[in-house]
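New to this one? Have a look at the chain first, and then let's walk through a few of its parts together.

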Amino acid sequence: MFALQACTPEQISTFERVSGISLSPSVKSEALKAADVPFITPWGVIETDGTITDLKAPGGSRCPQFFDEALAAGWPQTQWKRIDFIMYRESRCNPYMHNPNDPGYGSFGLVQLNMSKGKFGTWAFFAPMLNGNIGALYDPFTNLSVARRLYERALAAWNCGWKPWAFRC
């Protein structure tokens with residue numbers, strides 16, 4: 001999630017329209033301050049006049065076509081370089097990649113999520129999020145959302161969110 005910063009009334013109105021989230025009066029009053037900076041959201045940059053500018057993947061990105069999905073799935077822009085590297089290394093930016101030779105049901109999608117079997121396996125943890133449909137992992141947004149949840153789970157367990165992708169923290 002992200003926190004509201006000082007916003008203009010136009011930015012708040014645009015945020016509510018684009019996100020579908022109605023802010024409470026207390027949140028609005030706290031956010032309504034003299035804002036002179038753009039407000040970055042997963043949907044784009046809301047300028048001070050309320051217009052939206054699309055976010056662009058940084059130059060040199062290997063999988064720029066998935067930049068928007070990554071942000072919308074909860075990956076902060078500051079982690080784009082790492083998640084972009086993982087997508088390229090694991091699938092060469094192919095959302096339909098499947099490695100049946102990995103343990104369990106194999107690894108799926110952009111970041112090659114391994115769905116190991118068993119009571120404590122990743123499939124048991126993520127199946128409810130996917131409504132039991134393992135094929136949903138071929139959808140870029142879903143794959144990146146599950147990857148974000150896996151990152152958060154690893155961060156809580158080992159104080160290293162990148163451990164599932166064999167990175168040191």
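Below is a short tour of a helix, a sheet and some individual residues.

A quick word on the ground rules: this is a predicted model, where local features need pLDDT of at least 70 and side-chain atom pairs count only at pLDDT 80 or more, while totals for chains, interfaces and linings use all residues. Residues are numbered from 1 along each chain as its sequence is written, and side-chain values use heavy atoms, with hydrogens and water left out.

Let's start with helix 6, residues 140-158. (Helices are DSSP runs of H or I with at least four residues, strands are runs of E with at least two, and both are numbered from the N terminus.) The expected span of a helix is 1.5 Å times one less than its number of residues. For the 19 residues of helix 6 that gives 27 Å, and the end C-alpha atoms are 26 Å apart, which agrees.

Which parts of the model do the buried residues of helix 6 pack against? They pack against helix 3 (67-72), helix 4 (80-91), strand 5 (107-108), strand 6 (113-114) and helix 5 (122-126). Among these buried residues are Pro-140, Leu-144, Arg-148 and Tyr-151. Here, buried means under 20% relative accessible area, exposed means over 50%, and partly exposed lies in between (1.4 Å probe, protein chains only).

Next comes the sheet. It is open, with three strands in the order 4-5-6 and antiparallel pairing. Strand 4 (98-99) and strand 6 stand at the edges with a single partner strand each, so one side of each has no neighbour in the sheet. Two strands count as paired if DSSP finds at least two bridges between them; strand 4 and strand 5 are joined by two. Across that pairing, His-98 stands opposite Phe-108 in strand 5.

Now for backbone angles. Most residues other than glycine have a negative phi. Gln-112 has a positive one, near 50°, and Asn-159, not a glycine either, has a positive phi of about 60°.

Here is how three residues compare on accessibility:

| Residue | Place | Relative accessible area |
|---|---|---|
| Gln-112 | loop between strand 5 and strand 6 | 10%, buried |
| Asn-159 | segment after helix 6 | 64%, exposed |
| Ser-91 | helix 4 | 1%, buried |

What does Ser-91 touch, not counting residues up to four places away in sequence? Ser-91 touches Ile-86, Met-97, Gly-109 and Leu-110, where contact means heavy atoms within 4.5 Å.
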